[in-house]
Amino acid sequence: MKIDVLTLFPEMFDGVFGASILGKAREKGIVELAAVNFRAYANNKHNTVDDYPYGGGGGMVLKPEPMFAAVEDLVKDAGPEPRIVLMCPQGEPFTQRKAEELSAAEHLIFVCGHYEGYDERIREHLVTDELSIGDYVLTGGELPAMVVIDAVVRLLPGVLGNETSAVTDSFSTGLLEYPHYTRPASFRGMDVPEVLISGHHGRIDAWRREQSLLRTLQRRPDLLEKAELTAKERSWLEEQRRLLSHKERDGCSGPAADDSGTT
């Protein structure tokens, strides 16, 4: 995969592209990462990339010429049509499903803006996707682009040491991930659930599924509306809802299920 980022601050990506999972993927040749300063494509002697908005108003707007010229230069070599991703507060909320969709592309170009916004012609005639990572405003599109790139690259074959990691991550199954434990089995009176050290893989799988369902119910119940669940699981979740409701009324807290793995 090839990923280009159009930004006024390419130096922001130096550490991100060279460290951790992204750095390793780059070293393995799985992904080609580049941050490009689109100011170099300005068509005036002052390298101006923004201007005042027509109709008045505060702030400056990114001009279309540099952005179009930069994208055209990046795609001038024969190759697959890229997905051109505009990072903006008005975009589609970024999700794991979108990360999976983008991971199938061969070439991604991220457009990171600053100032008040983009000339609308960039939005209408240049980009293929508009993404937002949340309902808040940041200084520019660089940090959101880093988030999306990290989520996409880790899904590429060969990037993660354990190929099942991406499959079992939170949101990959439509649910939050189950709890994890490691050695020691007992720490300061806090014990690892017995089922996890039983060696019984069927019980372990059932427990993990149950805990994933329960954690999603407690923390992100909205995800359950679209999750693929069996009739038995939906019935069990309804019982857990009732138990949680009783606990809340009684002023109690904590999980409603045990560690038996019987879902």
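Where in the chain does N47 lie? The legends below take up this residue and several others in a predicted model.

**Figure 1. The loop that holds N47, between two strands.** In this predicted model, N47 lies in the loop that runs between strand 2, residues 32-37, and strand 3, residues 50-51. The phi angle of N47 is near 55 degrees, which is a positive value in a residue other than glycine. N47 is partly exposed, because its relative accessible area is 35% and the range for that class runs between 20% and 50%.

**Figure 2. D50 and its contacts in strand 3.** D50 is found in strand 3, and it is counted as buried because its relative accessible area is 13%, where buried means under 20%. Leaving aside residues up to four places away in sequence, D50 touches M60, V61, L62, K63 and Y115. Of these contacts, the one with Y115 joins residues that stand 65 residues apart along the chain, and the C-alpha atoms of D50 and Y115 are separated by 8.1 Å.

**Figure 3. The largest nonpolar core, seen around I149.** The largest nonpolar core holds 30 residues, of which I3, F110, I149 and V153 touch the most other members. At least two residues of this core come from each of strand 1 (2-7), helix 2 (20-27), strand 5 (83-93), helix 4 (96-102), strand 6 (107-112) and helix 6 (142-153). Helix 6 gives the most to this core, with 7 residues. When residues up to four places away in sequence are not counted, I149 touches I3, V5, F17, L22, L33 and F110. Apart from this core lies another, of 20 residues, with L6, L62, L86 and I109 among them. As a general background to such views, nonpolar side chains in soluble globular proteins tend to be buried together.

**Figure 4. Q96, a buried residue of helix 4.** Q96 is found in helix 4, and it counts as buried because its relative accessibility is 17%, with the limit for that class set at under 20%. Beyond the residues up to four places away in sequence, Q96 touches L155, F171 and S172.

**Figure 5. The cis peptide bond at R183 and P184, with R188.** R183 and P184 are joined by a cis peptide bond, for which omega is about 5 degrees. P184 is found in the loop between helix 7, residues 165-168, and strand 9, residues 186-187. R188 lies in another stretch, the loop between strand 9 and strand 10, the latter covering residues 190-191. Although R188 is not a glycine, it has a positive phi of about 50 degrees. R188 counts as exposed because its relative accessibility is 74%, and exposed means over 50%.

**Figure 6. The whole chain, as a setting for the close-up views.** The chain contains 9 helices and 10 strands, and buried residues make up 42% of its 263 residues. Its radius of gyration is 23 Å, whereas a compact globule of 263 residues would have a value near 18 Å. The C-alpha atoms fill a box of roughly 70 × 45 × 40 Å, taken along the principal axes. Among contacts in the chain with a separation of 6 or more, 72% are between residues 24 or more positions apart. The accessible surface comes to about 15000 Å², and 51% of this belongs to carbon and sulfur atoms. The chain carries 29 positive and 42 negative side chains, with the centres of the two sets lying 5 Å apart.

Technical notes:
Residues are numbered from 1 along each chain as its sequence is written. This is a predicted model: local features need pLDDT of at least 70, side-chain atom pairs count only at pLDDT 80 or more; totals for chains, interfaces and linings use all residues. Side-chain values use heavy atoms; hydrogens and water are left out. A nonpolar core is a set of buried Ala, Val, Leu, Ile, Met, Phe, Trp, Tyr and Cys residues joined through side-chain atoms within 4.5 Å. Buried means under 20% relative accessible area, exposed over 50%, partly exposed in between (1.4 Å probe, protein chains only). Helices (H or I, at least four residues) and strands (E, at least two) are DSSP runs, numbered from the N terminus. Contact means heavy atoms within 4.5 Å. The radius of gyration is taken over C-alpha atoms; the globule rule is 2.2 Å times the number of residues to the power 0.38. Accessible areas come from the Shrake-Rupley method with a 1.4 Å probe; for residues, only the protein chains shown count as cover. Lys and Arg count as positive and Asp and Glu as negative; His and the chain ends are not counted. The place of a charge is taken as NZ of Lys, CZ of Arg, CG of Asp or CD of Glu.
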